[in-house]
Amino acid sequence: MCTFAQASTRHRLGCLFLVALLLGLNFGCSRRTTTATSRLYHALSARYNTLYNASLAYDESYTAFLEGVAEDYNALLPLDPIAYAVRGEGKGGDFQRSKAKAEKAIHEHSLQRKPARKPGWRRDPRAVAEQAKTEYNPALSSAWLLLGKCYVYEANLPKALATFQEASRIYATEAEVRDVALLWQARCYLIEERASEALELLQRIERTPNSPVRQTELFHTVAAEYALLCGNYPQAITSLLHLIPSTQPRLQRARLYYLLGELYEGMGATEKARKAYQKSGRTSLKPALEFAACLKENSLNPSRKDAIRTLTKLVKTPNYRAHRSDVYLALGQAHLAMRDSLRAEQSFRACVDSALGSPSSMALANLLLVELSLSRELYPEALEHLRLSLPHLPPSYPRYDELTSLSASLTRLAPLALTLRHQDSLALHTSSPEERAKAQAQTAPVLLGMAQILYGELGDSKRAEALYLRIMNDLPKTKERPEAIYRYLLLTLREKQGERAEMLRHRFLSEYPDDPRAKLLAQSDYISGLEAREALATKLYHEAFTAYRKGQGEEAEVRLKQFRELYPDHELRPQALLLGALVRAQGGDNEGFRRQLEQLIRTTPRGDVVELATAMLRKLDGGHRVAGGVLTTPQGLIHPQEQPIRTDSLFTRPHPAEIPELLLIYPIDRLAAHEVLFAITAFDYQYFTQRPLEVTPWEGSSLRGFRIRGFQSQGEVARYLRLAGEVGGLLPALPLECLLLPITPKNLTRLTQETLAIYRQWLAESSPSTPTNPSEGLGKTSR
């Protein structure tokens, strides 16, 4: 055996050289130093080993995620299907393997030690830029971005945002990687519907000279998502046309063609929509999407008869039995386009009755039946279809809040409509004048209540006018007739129908000269008088409410009596009745408390106040009593948690779909109007540049302020309030006495110097989760 000592000199030198080479490579590739050799080694190891496998795993997981998403093709598709999981309507994909590989690459191949500095390096721009870097492995930018994308498609947006923010920090000096990370941050914000934050990042990228990411697929994706969120469909179409040709995988490209067709269809470009649906059907490998695209293409056929013929054949084809409800829905829409409402209704009912129907198709069919029922004034039937539809609509549905509000209004309107049907049926069979007069006396208040709901809640002035006219012309001897003429007069004034309003005024004065309102209507400037009358009603109610709060029951009774005599049908009447009941309860009058509640329930349509009165009456029937204005148990034990919620306020809650405005109130003795306007304009220009907000002066009683309107969502209002209260925001730049309040136009009419404190308290009580102090993020509503 030959040992090292016995080997020839040449052989020994060769062994020593090999050992030295291995030691050099080992130390040269160490992460403890950053050299050209270590960069090359770790870049190759990361890119062609760990990251290659991570990318393959990501592609497989993403394709599986796309194929597994169940989508509603009757609604506008989101650009990225991960939006369903973020909204809680599905779940994200499984990206554990690709995540583990990306994390391993970062952990094992990161080079963050600064390279050696040569003498005079500060005079070399390239050397200075090199020293400014944080990460020296050129392959790891892909690992950071891949890790963030894995979190996105797992629907873990907080971690995704944190990852992309860290990537933008690490690669702050490398514009291409940094801007890609910023674009992915913007995508996360857009998926969460936070348009303003996304816009700030987009503007930051646009301010970067010659940014290399502006013409990339990712940039067009973000631009399209932002345009869709803002409702700017033409801009969304432009971005999609740039994006679609390079989109991978094929299924996502088919989805985008389908979305493009929906956008064209919404804009009325029927032929372009048909071509987009054709491309979607040809591209898709997913049967559900292919069939939906085929239905859409058929429904847009210029020859409606050909479309109906094709859809009728599809209904009878056994192969499409599982999709029969979708076919019936498309068939009904085709009949509706031809104004054949009878066959359309039959098709929609067949869709609803289909045993294998999809919930979304059934929900849309019921919604279309709601529209048909409303057009025929069949309010009970409309309510029934709406109740069948709402449970199958997600809260993200564009009209969800509107439909919820419509359901509440129809719940009050439908019983009146059924009562009217019954009374009209009885009237057909009555012969004696006494029976006819009795039927008319019962019909008039029902018509009046229906008109109030139709105009006051649904905004349907034409049908409300028809009901008022019916009372005026067909029920001349009823006690509700003067009230109908008066309300009709107010309606025409609000609708700017001057000639008709004048005719109604003269009719009221000639037929009811002794009515308390006739004196007001006889004045030449009666419109100003009506506005003053509204202010007086608010003042009387406020004075009664203030007296009740102070424990002055007799004073409150006097004001409420004046209110009842002067304004028997004012919109604050339910609140006034409830306040009267509470005044009785404050004095310990159990029977008076009960009578007032019963009167309120008997004479008022369903609503929040009536529901509260019903709950109070139920407690009284259960043995509770009132003592000092508090409901107690029969044993005399007071349960604070059982005290009624206070809704005896002057102010009313907005509808769920209503977007409030903001009111900035300022002290007129310390600030000029132009100073406040300048502060608001500067703040809006800094944070809200995506659309102009309307800022107009406001004056109420002894208060002065500015109304800020034009918000697109309740979340945007909340963000404005939060930013306004932060350091450097709107409110810290103004005096302490300034207030920023969310408010609805209806409540704004009742806001005065006297009611301001009550409104702020009501705001805090009605929205306990919404802070009213600037330190809590809402804005400067209290000091």
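Me: Hello! Which helix does Q185 lie in?
Reply: Happy to help, and please keep in mind that this is a predicted model. The chain has 34 helices and 6 strands in its secondary structure. Among those helices, the one spanning residues 175-191 holds Q185, and that is helix α8.

Me: Is Q185 buried or exposed?
Reply: Outside its neighbours within four places in sequence, Q185 makes contact with L161, F164, Q165, S168 and L201. Its relative accessibility is 5%. The cut-off for burial is under 20%, so Q185 counts as buried.

Me: How many disulfides does the structure hold?
Reply: A disulfide is a covalent bond between the sulfur atoms of two cysteines. To be counted here, a pair of cysteine sulfur atoms has to lie within 2.5 Å. The number in this structure is 0.

Me: Thanks! Does C738 count as buried or exposed?
Reply: Let's set two cysteines side by side. C230 has 29% relative accessibility and so counts as partly exposed. For C738 the relative accessible area is 0%, and since anything under 20% qualifies, C738 is buried.

Me: Which strands stand at the edges of the open sheet?
Reply: The sheet has 4 strands with antiparallel pairing, in the order β4-β5-β3-β6. An edge strand has a single partner, so one of its sides is left without a neighbour in the sheet. That applies to residues 694-700 and 739-743, which are β4 and β6.

Me: Nice. What does the twist average from one strand to the next in that sheet?
Reply: The open sheet runs β4-β5-β3-β6. Going from one strand to the next, the average twist is 30°.

Me: Which residue in β6 stands opposite L663?
Reply: Strand β3 covers residues 661-665 and runs antiparallel to β6, with 5 bridges joining the two. Across from L663, the residue in β6 is L741.

Me: Which helix lies across β3, β5 and β6?
Reply: Two helices are worth a look here. Helix α31 (residues 673-687) packs on the sheet and touches β3, β4 and β5, with its direction at about 20° to that of β5. The helix you are after covers residues 714-725 and runs at about 170° to β6. Its name is α32.

Me: One last thing: what percentage of the residues of the chain count as buried?
Reply: The chain exposes about 40300 Å², with carbon and sulfur atoms supplying 53% of that area. Among contacts between residues at least 6 apart in sequence, 61% join residues at least 24 apart. Of the 783 residues, the share that counts as buried is 47%.

Key: Residues numbered from 1 in each chain as written. Predicted model: local features only at pLDDT ≥ 70, side-chain atom pairs only at ≥ 80, totals over all residues. Heavy atoms only, no water. Buried < 20%, exposed > 50% of the residue type's maximum accessible area, 1.4 Å probe, protein only. Pairing = 2+ DSSP bridges. Axes fitted to C-alpha atoms, helices over the stretch in contact; angles between N-to-C directions. Contact = heavy atoms within 4.5 Å. Areas by Shrake-Rupley, 256 points an atom, 1.4 Å probe, with all protein chains shown as cover.
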